[in-house]
Amino acid sequence: MDTQQWIDKGYNLIVEFAPKLLAAILIWIVGSWIIKLILKGIKKVLNKGKYDESLKKFLTNLTSWILKVILVVVVLGTVGVETTSFAAILAAAGLAIGMALQGSLGNFAGGVLIMIFKPFKIGDLIEAQGELGVVKEIEIFTTKLTGLTNKEIIIPNGALSNGNIINYTSEGTRRVDLVYGVSYDSDIKQTKEVMMNVITSHPKVLKDPEPAVTVLELADSSVNFAVRPWCNVDDYWDVYFDVTENMKIALDAAGIEIPFPHQVEIQKQG
């Protein structure tokens, strides 16, 4: 093949592929600009929704990669590259990855739901999956709690989002449920007055909602009273322990007999 033939062949290739190449370059430039606009709009929507920062970054990056892969496929198709096999390979790879990470994807989906619907936030006291603790971190795949004994509790978001969640913090206040038993010889009216004085005199017991003292049951060896003071969530244990101690002191001082053994029990708020 002489020089002229090489020149002619090169010219034909340029004539054939130059328009496709220019079109591909134009598509890449316009597509990249459109992707930036889409990502900018997504960020604006997420910022207005006040979603968790980790969720915003993840969704933005995921959308960016998906759009860029689509753009690359379109550009390759424009210059004449067969994209059917390429798309099939991507689909097969995506299916294989999805099957391998099925549990992780469930946890990811649960994390997204938690961050969108916000059944709790960092600092809330919650009970879920048989665990009770303060929310420390909300991550894409797991949520970390700090237990009441300062232990770290890690719960997969898939199970967390699909189970029951009790949020003790969201309402701002919490009722302390206590039960005290006194002997049948005790005067009910006097006992209720003593118990009411104990809870109303505590500085962290709220006046609204109003605390209550009622006869709960006539047990085998005692008359049991339900004592129900309300407090702010952060004051729960202070009220619980203080009232328990002060109640024993007040009942003894009033000469009201407490049958032995006497149990003080907490009933979880429903």
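Asp177 is buried, and Arg228 is buried too. These two residues make a good doorway into this predicted model, since they also form a salt bridge with each other, their closest N and O atoms lying 3.6 Å apart. The pair ties together distant parts of the chain: Asp177 sits in the loop between β6 (173–175) and β7 (178–182), while Arg228 belongs to strand β9 (residues 223–228), 51 residues away. Let's take a friendly tour of the rest.

**The protein at a glance**

- The protein has 270 residues, and 31% of them count as buried.
- Its secondary structure adds up to 7 helices and 10 strands.
- Among contacts in the protein with a separation of 6 or more, 65% are between residues 24 or more positions apart.
- About 17000 Å² of the protein is exposed, and carbon and sulfur atoms supply 61% of that area.

**Salt bridges**

- Side chains of opposite charge can pair when their charged atoms come close.
- How many salt bridges does a search of the whole structure find? The search turns up 8.
- Lys204 and Asp238 form one of them, with their closest N and O atoms 2.8 Å apart.
- This pair also links distant parts of the chain, as Lys204 is in the loop between α6 (188–200) and β8 (212–218) and Asp238 is in helix α7 (residues 236–253), 34 residues apart.
- Lys204 counts as partly exposed because its relative accessibility is 32%, and Asp238 counts as partly exposed because its value is 35%.
- Arg175, Asp177 and Arg228 are joined into one network by salt bridges that share partners.
- Lys144 pairs with Glu139 in another salt bridge, where the closest N and O atoms are 3.9 Å apart.
- Is Lys144 buried or exposed? Its relative accessibility is 17%, so Lys144 counts as buried.
- Its partner Glu139 has a relative accessible area of 29%, so Glu139 is partly exposed.

**Nonpolar cores**

- In soluble globular proteins, nonpolar side chains tend to be buried together.
- Which members of the largest nonpolar core touch the most other members? Of its 23 residues, they are Met195, Val227, Val243, Met247 and Leu251.
- Four elements, β7, α6, β9 and α7, each supply at least two residues of this core.
- Helix α7 gives the core its largest share, with 7 residues.
- Leaving aside residues up to four places away in sequence, Met195 touches Tyr180, Val182, Val213, Phe225, Val227, Met247 and Leu251.
- Another core lies apart from this one; it has 14 residues, including Val112, Met115, Val135 and Ile138.

**A nonpolar patch on the surface**

- Some nonpolar residues form a patch on the surface, with about 1100 Å² of accessible area together.
- The patch is made up of Leu21, Leu22, Ile25, Leu26, Trp28, Ile29, Val30, Trp33, Ile34, Leu37, Ile38 and Val72.
- Which helix gives the most to this patch? Helix α1 (residues 3–49) does, with 11 residues.
- Leu21, one of the patch residues, is found in helix α1.

Methods:
Residues numbered from 1 in each chain as written. Predicted model: local features only at pLDDT ≥ 70, side-chain atom pairs only at ≥ 80, totals over all residues. Heavy atoms only, no water. Salt bridge = Lys/Arg side-chain N within 4 Å of Asp/Glu carboxyl O. Buried < 20%, exposed > 50% of the residue type's maximum accessible area, 1.4 Å probe, protein only. Patch = residues over 30% accessible without salt bridge, like charges linked within 9 Å, V, L, I, M, F, W, Y side chains within 5 Å. Areas by Shrake-Rupley, 256 points an atom, 1.4 Å probe, with all protein chains shown as cover. Core = buried A, V, L, I, M, F, W, Y, C linked by side-chain atoms within 4.5 Å. Contact = heavy atoms within 4.5 Å.
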